[in-house]
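Q: Could we go through how the helices pack in this model?

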Amino acid sequence: GGAQLMSVTLQMAVRCQDTSTAESCCKILSALTKVGRVDCEHLLRSGDLLSSLQAAAQMGSGGQLEEDVGQSLGFILGLPEALQLFDRVGQRGVRGVLLTIKELCTTEDLEAIRQLPAIMGELLQLQKKSPRNAIFLSALLQALGACCSSLAPHCNPGDCAPLDETIKMLVSRLYEPVQIPEE
């Protein structure tokens with residue numbers, strides 16, 4: 001189907017060093033996966049797609065392509081497996097994974113909600129060890145906010161340590177001075 005076509009097109013784009021086409025392929029893969037139009041297990045068994053995505057991430061290191069690859073991989077792997085990508089992609093790739101986590105954690109599915117405390121714990125650890133880069137932090141805060149908004153209606157204060165810690169961290173961030181990066 002469409003995912004197979006995107007996989008082949010991505011392979012060709014990587015071979016030709018065509019970042020624009022590679023970005024488009026990643027966005028289409030993410031969209032197809034997000035709406036459930038892709039058999040993710042079949043895609044994962046296809047080593048060609050994963051190697052093409054890795055090559056595309058290297059080709060677009062530090063740019064939008066790396067972020068798009070992070071999003072594609074995040075949607076294909078799903079939760080909690082997408083958390084394993086943090087050590088495998090660069091900073092822009094991590095941002096893409098975080099934006100995917102934000103979407104995946106915005107849910108009313110009780111099975112997914114049960115996973116949120118562990119996911120929030122991982123995100124809090126990432127926040128503690130990562131650089132204070134505005135582009136990265138905005139995606140991290142969005143992912144944590146999505147986890148909070150999905151989990152909070154199902155917990156009382158004190159029932160879930162990761163939720164309590166996340167809320168404290170988010171509130172403390174409100175009191176930090178805003179730093180505008182110089183161009």
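A: Two helix pairs are discussed below.

A: This is a predicted model, in which local features need pLDDT of at least 70, side-chain atom pairs count only at pLDDT 80 or more, and totals for chains, interfaces and linings use all residues. Residues are numbered from 1 along each chain as its sequence is written, and side-chain values use heavy atoms, without hydrogens and water.

Q: At what angle do H1 and H2 pack?
A: Helix H1 (residues 2–15) and helix H2 (residues 19–34) pack at about 160 degrees, with axes 9 Å apart. Helices are DSSP runs of H or I, at least four residues, numbered from the N terminus; axes are lines fitted to C-alpha atoms over the stretch in contact, and angles run from 0 to 180 degrees between N-to-C directions. H1 and H2 are therefore roughly antiparallel (over 145 degrees).

Q: Which residues of H1 and H2 meet?
A: From H1, Gly-2, Ala-3, Met-6, Thr-9, Leu-10 and Ala-13 meet Thr-21, Ala-22, Cys-25, Ile-28, Leu-29 and Leu-32 of H2 (contact means heavy atoms within 4.5 Å). By class, this contact has 9 nonpolar, 3 polar and no charged residues (Ala, Val, Leu, Ile, Met, Phe, Trp, Tyr, Cys and Pro are nonpolar, Asp, Glu, Lys and Arg charged, and the others, Gly among them, polar).

Q: Turning to H5 and H6, how do their axes cross?
A: The axes of H5 (residues 64–77) and H6 (residues 91–105) cross at roughly 40 degrees and come within 7 Å. That makes H5 oblique to H6 (angles outside under 35, 65 to 115 and over 145 degrees).

Q: And which residues make the contact?
A: Among them are Gly-70 and Gly-74 of H5 and Gly-93 and Gly-96 of H6. The residues of the contact of H5 with H6 divide into 4 nonpolar, 8 polar and 5 charged.

Technical notes. Helices (H or I, at least four residues) and strands (E, at least two) are DSSP runs, numbered from the N terminus.
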